[in-house]
Amino acid sequence: MTVMQLITAAFRLAVFRHPELHQTWVNISLRVGGLLLKSRLVASVQRAGELDMVLRCMEDDFSPSQEGAGEVDLFSFHYQLMLSQLWVGEVYEIFRLLIERKLVLDSDVSAIAHDLRLLRIPLEKHEIAADKKLTGPLLMQRHPPTNDETAIYQYSKSDAQRAHIMPSEISSRGSVMWQVLDLQSDSSRWLERRTLSERIVAVNLVRSGHIGCGLFRRHR
């Protein structure tokens with residue numbers, strides 16, 4: 001088989017494994033895409049949904065809770081991490097658009113967008129999210145620890161060469177998770193990709209039957 005055939009087969013298999021989730025993402029894409037007519041927003045949401053289903057299959061294959069699941073190897077984790085980062089970036093831009101255009105009326109959406117931002121900024125801009133709020137340098141510890149003089153370093157917003165690499169691991173469910181720094185709440189926590197996906201789908205499902213008072217603002 002060609003690489004193209006293998007990739008296509010993977011996406012088709014993901015739809016076969018998650019038919020209800022597939023329909024949910026289609027519904028989300030139509031509702032969200034309808035808020036921005038004459039755009040490709042429908043396609044953007046559907047791409048995010050298709051990639052989500054492929055990632056869920058990869059997560060199920062890796063998860064130790066699944067009978068007969070394979071062990072995580074470095075190459076497999078590399079590709080899963082790569083696709084997970086692409087998914088974060090795609091979904092972040094959708095949420096950013098909805099909030100900036102004031103097309104959403106839901107605090108849950110803002111909370112999800114905030115968490116996506118905490119991931120997207122370090123992943124794509126290689127810095128701590130909202131680091132302009134820092135009043136001074138941060139003392140950081142490398143992960144994994146190097147156990148030498150470089151283990152502790154300073155992160156300064158005024159340093160043009162500053163960089164932040166979020167620690168990443170695979171959860172008990174086989175999903176990639178990252179340790180984020182939240183300067184808004186002055187805290188650090190782990191965010192799991194699959195949990196973010198479930199939150200997005202849940203927000204839509206809870207309000208899917210409420211016309212006019214749902215997740216998204218209606219056109220007048």
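So, how many bridges do E4 and E5 pair over, and in which sense? Six bridges, and the sense is antiparallel. I'm starting there as a way into the sheet, and I'll work outwards to the helices, the loops and the pocket. Before that, a caveat: what we're looking at is a predicted model.

Okay, the overall layout. The protein chain has 220 residues, and 41% of them count as buried. It holds six helices and five strands. If you walk along the sequence, the pattern reads α-α-α-α-α-β-β-β-β-β-α. For those of you who like contact maps: take the contacts in the chain with a separation of 6 or more, and 61% of them are between residues 24 or more positions apart.

Back to the sheet. E4 and E5 belong to an open sheet of three strands, ordered E3-E4-E5, with antiparallel pairing. E3, which is 168-170, and E5, which is 187-192, each have a single partner strand, so they stand at the edges and one side of each is left without a neighbour in the sheet. On average, neighbouring strands here are turned by 30° against each other, if you ignore direction. As a reminder, strands of a sheet pair through backbone hydrogen bonds, parallel or antiparallel.

If you want to find the register on screen, pick Met177: its bridge partner in E5 is Glu192. Then there's a helix lying on this sheet. That's H4, residues 74-100, which packs on it and touches E3 and E4. The direction of H4 makes about 50° with that of E4.

Now go to the other end of the ladder. Asp182 has Ser187 in E5 as its bridge partner. E4 and E5 form a hairpin with four residues between them, and Asp186 is in that turn. Which sign does phi of Asp186 have? Positive, about 50°, although the residue is not a glycine. That deserves a glance, because most residues other than glycine have a negative phi. Asp186 is also exposed, at a relative accessible area of 71%.

There's another one like that, Lys38. Its phi is near 60°, again positive in a residue other than glycine. Lys38 sits in the loop between H2 and H3, and with a relative accessible area of 91% it is exposed.

Since we're at H2 and H3, a few residues there. H2 covers residues 19-33 and contains Arg31. Arg31 comes out as partly exposed, with 28% relative accessible area. From Arg31 to Val42, which is 11 residues along the chain, the C-alpha atoms are separated by 8.3 Å. Thr24 is in H2 as well, but Thr24 counts as buried, at 13% relative accessibility. Look at what it's sitting by: Thr24 and Val201 are 177 residues apart in sequence, and their C-alpha atoms are 7.4 Å apart.

Val201 turns up again with Arg56. Arg56 lies in H3, residues 41-62. Is Arg56 buried or exposed? Buried, with a relative accessible area of 9%. Setting aside neighbours within four places in sequence, its contacts are His18, Leu21, Arg193, Arg194, Ser197, Glu198 and Val201. So, for anyone thinking about protonation or charges, that list includes Arg193, Arg194 and Glu198.

Next, the other strand pair. E1 and E2 pair in the antiparallel sense over four bridges, and Leu138 stands opposite Tyr155 in E2. In a regular strand, the side chains alternate between the two faces of the sheet. You can see that along E2, residues 152-155: Tyr153 and Tyr155 point to one face and are buried, while Ile152 and Gln154 point to the other and are not.

Tyr153 takes us to my last item, the largest pocket. Its volume is about 280 Å³. The lining is Met140, Gln141, Arg142, His143, Tyr153, Ala163, His164, Ile165, Pro167, Gln179, Leu181 and Ser188. By class, that's six nonpolar, five polar and one charged. Which strands each supply at least two residues of that lining? E1, 138-141, and E4, 176-182. So we end back at E4, the strand that pairs with E5 over six bridges.

How values were computed: Residues are numbered from 1 along each chain as its sequence is written. This is a predicted model: local features need pLDDT of at least 70, side-chain atom pairs count only at pLDDT 80 or more; totals for chains, interfaces and linings use all residues. Side-chain values use heavy atoms; hydrogens and water are left out. On a 1 Å grid over the protein atoms alone, a cavity is a set of points where a 1.4 Å probe fits but cannot get out, and a pocket is an open set with protein on both sides within 12 Å along at least five of seven lines; lining residues have an atom within 4 Å of a point. Grid points are joined across faces, edges and corners, and a volume is the space filled by probe spheres set on the points. Ala, Val, Leu, Ile, Met, Phe, Trp, Tyr, Cys and Pro count as nonpolar, Asp, Glu, Lys and Arg as charged, and the others, Gly among them, as polar. Two strands pair if DSSP finds at least two bridges between them. Axes are lines fitted to C-alpha atoms, for helices over the stretch in contact, and angles run from 0 to 180 degrees between N-to-C directions. Contact means heavy atoms within 4.5 Å. Buried means under 20% relative accessible area, exposed over 50%, partly exposed in between (1.4 Å probe, protein chains only).
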